[in-house]
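Me: I should like to work through this protein chain with you, from one helix to the ligand and then to single residues. Please reason briefly before giving each value or name.

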Amino acid sequence: MKVLIPTKLDKFVVKYLTENGYEVILNAEKPVSQLAAENLDANVIIVRSEKVTPEIMDLLPELKLVVRAGAGYDNIDIKYARRKRIDVMNTPGANSNAVAEEVVAMMLALARHVVPADISTRAGGWEKKAFMGTELTGKTIGIIGLGNIGRLLVKRLSGFDVKVLAFDPILSSSLAKQIDVELCSLEEIFTKSDYISLHIPENNETRGMVNKHYLDMMKDGAAIVNCARAGIINEADLRAVKATKKIRFATDVYPKDEAGLKPVADIADLMLPHLGASTSEANFNAAKRAAEQTVAYFEKGITNCVVNKGVPDGLDEHFQSLAYVLTALGRQYLGENRPPHKIETSFYGELKEFGSWMLAPITAGISNEFDPFMDAADAKSFLEERGIDYKNREVDNNKHYGQSMTIDLFEGSENINHVSVRGTLTENHLMISRLNNFDSLYLEPTGHNLFVEYSDEPGVIGKIASILGDKNINIIDIRAPQDLSSNRSLAVVKTNVRVPDELVSKIKITVKATVAFCLSYF
Ligand code: 3PG
C-alpha cells in the first residue's frame with residue numbers, strides 16, 4: 001500500500017504507517033497533483049486543507065481512500081470520489097479542542113483589543129483610553145452548531161459564567177439541558193448574543209446563511225466569530241450591516257487557504273490565517289487518527305469515519321440494488337416510449353428511515369442517463385428537470401411486511417398506466433414478490449428474464465418454450481403466477497442468454513400478449 005501525504009503532518013503518521021507495512025511519501029513542498037503524477041500507483045492520500053480534485057483522482061487508478069486529517073472535507077470532491085468508489089474519511093474531533101480554544105482567544109482578543117493595543121504600544125503609544133475593554137464574564141454567547149467543536153466551546157467557556165444560547169437542529173433538548181445551554185432559534189441568537197460563534201460546515205444549506213436578515217438583528221457592539229468556513233457568512237451583507245452599526249467581526253477562514261490580500265480586510269476586526277487546528281497537539285491528534293484510521297480501514301474494514309458512503313450505517317446496500325431493479329422492471333413494463341410522470345414509494349419496517357437513500361437507485365432505474373452513484377439531491381433535481389413527481393408515502397408498519405418496499409410508476413395523461421412492484425431480500429438475495437396483482441411472483445431477478453403477460457389460456461408457456469427452444473435458448477427457471485381477479489397470467493422465463501428483441505416481438509404476437517419484454521440484471 002502506498003500512501004501520499006502532501007501536507008505537514010506530525011511525524012507519527014509516517015512512523016505508524018511504516019511500522020504497519022505501508023510505503024509513505026510525505027512531501028509538504030510539492031502540490032498534490034505533482035506528487036500524484038510522480039506516484040501513479042498510490043492507494044491512499046492523506047491531506048489537511050489541500051484540494052483533492054477529480055483530476056487528481058483520475059490520475060490514480062489504484063486510489064482507494066482519501067483521508068482528511070481534520071474535520072471539514074470541503075476540499076475533497078466527495079461525490080466524484082463516490083463515483084470512482086473511493087472512500088473519503090475525516091478525523092472528527094481530532095482538532096476540536098484547538099478550534100474551541102482559538103475561539104475563546106479571539107473573543108478575549110476582541111474584548112481587550114489585544115492586537116491593536118500591541119501594535120500601538122510597540123510603536124511607542126500609551127492609549128489606555130482608546131483600548132478600554134469589556135469582560136467576557138456574564139455575557140451571552142450564541143453558538144451555531146453544537147457538534148464536537150461547539151460542545152467543547154461550551155465547556156471551555158464555562159469558567160466565564162456566561163449564558164450560552166445554541167442553535168442546532170438535531171440536538172435533543174435533554175442533551176442541551178445536560179450541557180447547560182438554551183436551545184433557541186437563529187433569530188433569538190442574533191438578537192440576544194454579545195458574541196456569536198459559528199460551528200457548522202459549509203454546504204448547500206449553510207452557504208450564505210448568515211445574511212442581512214440575521215446580521216441586522218445583532219446588538220450594537222456584538223461580535224461574530226467565524227472559525228468554521230468563510231462561505232457561511234454573506235460577505236456583502238456583513239459589509240453593508242457593518243456600515244450602519246457597530247458590530248465586530250473576527251475570522252480565521254477565507255474562500256481560499258492561501259497568501260494574498262483578503263477582501264474582508266476592511267470589515268474584519270481580527271484576522272488569522274486559518275490557525276484553528278494549528279496547534280502541535282491537534283496536529284499530532286489528527287496525524288495519529290489519520291494513520292490509525294487508514295490501517296483500521298484496510299486491515300479491519302472499519303469505515304465509521306467514511307463521509308461519502310453510498311449507504312448509511314444500518315442499511316444493507318442490497319436494498320439499493322432492489323430499489324433499482326424494481327424500478328427498472330416497472331419502467332420496462334410501462335413500455336419504451338412511456339416514461340413515468342410520477343413515482344410513488346413505500347418503505348416498510350426499518351427501511352422507513354432510509355427512503356432518501358433509495359432515490360438515486362430509483363432514478364437510475366428510470367433512466368440510464370442518471371449515475372446511481374450520485375446522491376438523493378442530484379436524483380431530486382434530475383427528476384424535477386424532467387417533470388417527474390416523486391412521493392414517498394407514509395407507511396403503515398402494522399402490516400408487518402418486514403423490510404420491504406413497493407415502487408409505483410404512473411404514465412400517461414388521460415388514460416393513466418400504473419405499474420406497482422414489490423420486493424424484499426431473502427437470504428441476501430433480491431426477491432421481487434409482486435408485479436401488479438401477480439401476488440406470488442417470488443422472482444430472483446439476477447440474469448435474463450423474459451416477462452410475458454397474457455389472457456389466461458392453456459398451452460401458452462409451451463408455445464413460448466418451443467419458440468425459445470427453436471433458437472437454442474435454454475430455460476433456467478419459470479414463474480407463472482395468475483391474477484385470478486382479471487383472469488390474466490404472467491410468465492417469467494429465466495434464460496441462459498438475453499432473448500433478442502425480434503424474438504420477444506414474435507412471442508408477443510404468437511401468444512397475443514399485452515406486455516412482453518426482457519429484463520437483464522447482474
Ligand atoms: C478542519 O476542518 O479540520 C479545520 O478547519 C482545520 O483545517 P486545517 O487542517 O487545514 O488547518
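Me: What distance does helix α12 reach from its first C-alpha to its last?
Reply: The model is a predicted one, in which local features need pLDDT of at least 70, side-chain atom pairs count only at pLDDT 80 or more, and totals for chains, interfaces and linings use all residues. Residues are numbered from 1 along each chain as its sequence is written, and side-chain values use heavy atoms, with hydrogens and water left out. Helices (H or I, at least four residues) and strands (E, at least two) are DSSP runs, numbered from the N terminus. Helix α12 holds 21 residues, 280-300, and the expected span, 1.5 Å times one less than the number of residues, is 30 Å, close to which lies the value for α12, 29 Å.

Me: Which elements are included in what covers the buried residues of α12?
Reply: Buried means under 20% relative accessible area, exposed over 50%, and partly exposed in between (1.4 Å probe, protein chains only). The buried residues of α12 include A282, N283, A286 and Y297. Contact means heavy atoms within 4.5 Å, and the cover of these buried residues includes α1 (12-19), β3 (44-47), β4 (65-68), β5 (87-90) and α5 (96-111).

Me: Why does Q293 count as buried, and which residues does Q293 touch?
Reply: Q293 has its place in helix α12. Q293 counts as buried because its relative accessibility is 11%. Not counting residues up to four places away in sequence, Q293 touches M89, N90, T91 and C305.

Me: What phi does G301 take?
Reply: G301 comes just after α12. The phi of G301 is positive, at about 70 degrees.

Me: How much of the area that the ligand exposes when taken alone does the protein bury?
Reply: A polar contact is a pair of N or O atoms within 3.5 Å; within protein, one must be able to donate a hydrogen and the other to accept it, and residues adjacent in sequence count only if both atoms are side-chain atoms. An oxygen atom of the ligand lies 2.7 Å from a backbone N or O atom of G72, and an oxygen atom of the ligand is 2.7 Å from an N or O atom in the side chain of H274. Taken alone, the ligand exposes 310 Å² (Shrake-Rupley method, 1.4 Å probe), and the share that the protein buries is 92%.

Me: Is D378 buried or exposed, and which residues is D378 in contact with?
Reply: D378 is found in helix α15, residues 376-385. D378 is buried, since its relative accessible area is 17%. Leaving aside neighbours within four places in sequence, the residues in contact with D378 are K79 and F370.

Me: Which residues does I78 touch?
Reply: I78 is found in helix α4, residues 78-83. Its relative accessible area is 22%, so I78 is partly exposed. Not counting residues up to four places away in sequence, I78 touches Y73, V88, V307 and N308.

Me: What separates the C-alpha atoms of D470 and E127?
Reply: D470 lies in helix α16, residues 460-470, and is exposed, with a relative accessible area of 66%. D470 and E127 are 343 residues apart along the chain, and the separation of their C-alpha atoms is 102 Å.
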